[in-house]
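Colleague: I would love a close look at a single part of this model: the place where the record puts a binding site. Please take your time and explain each term as you go.

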Amino acid sequence: MIHRDTIFKILGSLLFIEVAIMLACFAMAIGFGEDDEMPFAISIVLTLLTGIVLRYLGRHSDNTMSRRDAYLVVSLSWVIFSLFGTLPFVISGYIPSFTDAYFETMSGFTTTGATILDNVDALPHGLLFWRSMTQWIGGLGIVFFTTAILPSFVGGSVKVFAAEATGPISSKLHPRLSTSAKWIWTVYFLLTLACVLSFMAFGMGWFDSLNYAMGSTATGGFSTHNNSAEFFRSPAIEYVATLFCFLSGANFTLLYTTALRRSLKPMWKNAEFKFYLFVVLTFTLFIMVELMLYNGYDVEKAFRCGIFQVVSFITTTGLFNDDAAKWPHVTWVVLATCMFLGACSGSTSGGFKSIRSLMIIKIIRNEFKQILHPNAVLPMHIDGASISQQKRITLLAFLAVYLMLCLVASFIIIEAGVDNTNAITIVLSSIGNVGPTLGIEIGPTMSWSMLPAGIKWLCSALMLIGRLEIFTILVIFTPAFWKDS
């Protein structure tokens with residue numbers, strides 16, 4: 001059975017967290033004295049009242065939670081968080097369409113970074129800060145954030161974490177999940193702070209530094225200017241953004257271990273990180289050569305633009321420092337591959353994840369060996385850990401469903417009149433939480449405002465499905481989920 005009281009209690013508690021985030025943005029709006037003060041005030045009141053009602057409905061909760069409850073509460077959390085997150089946009093009138101506002105908010109919380117705004121510079125500072133906060137909170141997970149700061153708010157937190165975590169292999173720093181969450185969020189906060197200070201050191205203003213740092217470490221990609229990182233015309237700022245996006249694409253548990261031991265050995269010994277690093281360097285080198293041969297870039301600019309875009313796409317950040325639509329089309333294939341692959345599990349990035357790609361390679365290698373030696377027992381290990389047969393089956397099922405969703409969604413978008421290249425990369429961008437797309441009609445530097453309303457809702461759903469790694473959402477729609485037995 002579904003424990004409704006527990007679900008109401010958790011959802012109400014999460015809305016209190018959203019109110020606290022809105023209060024920070026409200027303070028920013030007051031500080032700049034712009035016209036978004038009242039919209040935030042109204043949004044805070046409406047969200048707070050709803051949270052109080054949900055907490056009241058869940059007042060008899062005993063914190064009992066099944067795996068079924070965990071999947072349902074995580075899915076509902078992201079939907080409801082995004083629903084109330086639309087209020088500042090709609091009430092202020094800067095995004096009057098509810099469809100557009102929901103798309104923008106879901107894009108933020110899932111750290112996709114796709115936008116329907118044609119003129120980001122027109123937004124007041126409070127709303128710009130709200131966009132950045134949505135992606136920063138969503139970077140490591142809404143419920144995971146709550147578990148870190150207020151573990152008593154979330155009953156059955158281990159089950160909830162399993163439903164929200166990214167990657168097929170989860171690692172814990174501490175027997176208590178709330179303690180692990182605190183340490184991981186501490187690493188995340190310190191990484192963001194270091195990014196803010198680095199941006200400021202190279203001439204970026206404090207407000208832009210704060211927003212771009214949240215976008216970089218959350219691998220979200222929302223920016224405060226239409227031209228993204230290109231606005232600053234600063235190679236130093238672009239290198240800083242590249243570095244912090246790359247680090248945020250690594251497993252945060254690995255980053256914590258590396259910092260704790262004050263040694264890079266844990267990274268060099270980690271198979272997933274080495275695969276991630278190899279892909280970034282290989283793809284950067286290829287694009288660098290293409291830009292020098294066909295676009296006439298010098299060595300430094302080709303390297304800077306190549307590594308910036310590769311890291312931006314593979315970490316699913318979506319910032320840009322050049323218009324990739326003007327690059328040789330073969331580089332689009334490379335960037336689309338980055339969209340699909342994603343960075344490491346346990347990071348803020350989206351996509352298929354490097355660990356899964358590594359597992360697929362090992363499965364294929366074992367299959368060739370099995371053909372030559374039919375009776376051989378071929379175990380599979382990654383970093384000394386044995387990968388069970390069940391995890392291999394789950395991986396192949398994940399890949400199959402991922403590709404099926406891409407195929408069906410691409411068909412629907414093409415049927416709606418979008419060109420083939422755009423349609424395919426829009427789907428990869430949405431389900432991989434990447435942000436930019438590749439093509440002529442909607443290029444990597446353009447907004448998604450021209451898409452039909454129905455396609456925007458489809459993309460919003462794909463963003464959520466991709467962020468919660470597909471099964472967490474889709475299992476809710478199976479008949480077995482709702483059976484009492």
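Modeller: Happy to! A residue is called buried here when its relative accessible area is under 20%, exposed when it is over 50%, and partly exposed in between, using a 1.4 Å probe and protein chains only as cover. Please keep in mind that this is a predicted model, in which local features need pLDDT of at least 70 and side-chain atom pairs count only at pLDDT 80 or more, while totals for chains, interfaces and linings use all residues. Residues are numbered from 1 along each chain as its sequence is written, and side-chain values use heavy atoms, with hydrogens and water left out.

Now to the site. An unreviewed UniProt entry places the feature "binding site" at Thr111, Thr112, Gly220, Thr316, Thr317, Asn433 and Val434. These positions span 324 residues in sequence, yet no two of their C-alpha atoms are more than 8.1 Å apart, so they gather at one spot. A word on that record: its positions are given in the numbering used here, feature names are shortened, and annotations may be inferred rather than shown by experiment.

Let us start with Thr317. This residue sits in the loop between α15 (299-314) and α16 (329-341). The helices (H or I, at least four residues) and strands (E, at least two) are DSSP runs, numbered from the N terminus. Thr317 has a relative accessible area of 0%, so it counts as buried. Contact means heavy atoms within 4.5 Å. Setting aside neighbours within four places in sequence, Thr317 is in contact with Thr112, Gly220 and Val434, which the record also lists. The other partners of Thr317 are Gly215, Thr219, Gly221, Cys245 and Ser312.

Asn433 comes to the site from another loop, between α19 (420-431) and α20 (453-467). With a relative accessible area of 2%, Asn433 is buried too. Not counting residues up to four places away in sequence, Asn433 touches Thr111, Thr112 and Thr316, which are annotated as well. Thr110, Gly350, Leu428, Met463, Gly466 and Arg467 are also touched by Asn433. Thr112 therefore appears among the contacts of both Thr317 and Asn433, which fits the gathering of the annotated positions at one spot.

The elements that frame these two loops are worth a look. Helix α16, which follows the loop of Thr317, holds Leu335. At 0% relative accessibility, Leu335 is buried. Its contacts, again leaving out residues up to four places away, are Ile287, Gln309, Val310, Phe313, Ala324, Trp327 and Leu438. Yet Leu335 and Phe8, 327 residues apart in sequence, are 42 Å apart in space, C-alpha to C-alpha.

Beyond α16, the loop to α17 (354-372) contains Lys353. This residue has a positive phi of about 85° although it is not a glycine. Lys353 carries a charged kind of side chain, since Lys and Arg count as positive and Asp and Glu as negative, with His and the chain ends not counted; even so, Lys353 is buried, with a relative accessible area of 1%.

On the other side, α20, which follows the loop of Asn433, leads into the loop before α21 (471-474), where Ile470 is placed. Ile470 also has a positive phi, of about 70°, although it is not a glycine. With a relative accessible area of 0%, Ile470 is buried.

For contrast, Gln389 in helix α18 (residues 389-415) counts as exposed, at 51% relative accessibility. The C-alpha atoms of Gln389 and Gly351 are separated by 23 Å, with these positions 38 residues apart along the chain.

Finally, here is the setting of the site. The chain has 21 helices and 2 strands, and 58% of its 485 residues count as buried. Among contacts with a separation of 6 or more, 71% join residues 24 or more positions apart. With 485 residues, a compact globule would have a radius of gyration near 23 Å, and the 22 Å of this chain agrees; that radius is taken over C-alpha atoms, and the globule rule is 2.2 Å times the number of residues to the power 0.38. Along the principal axes, the C-alpha atoms fill a box of roughly 60 × 55 × 55 Å.
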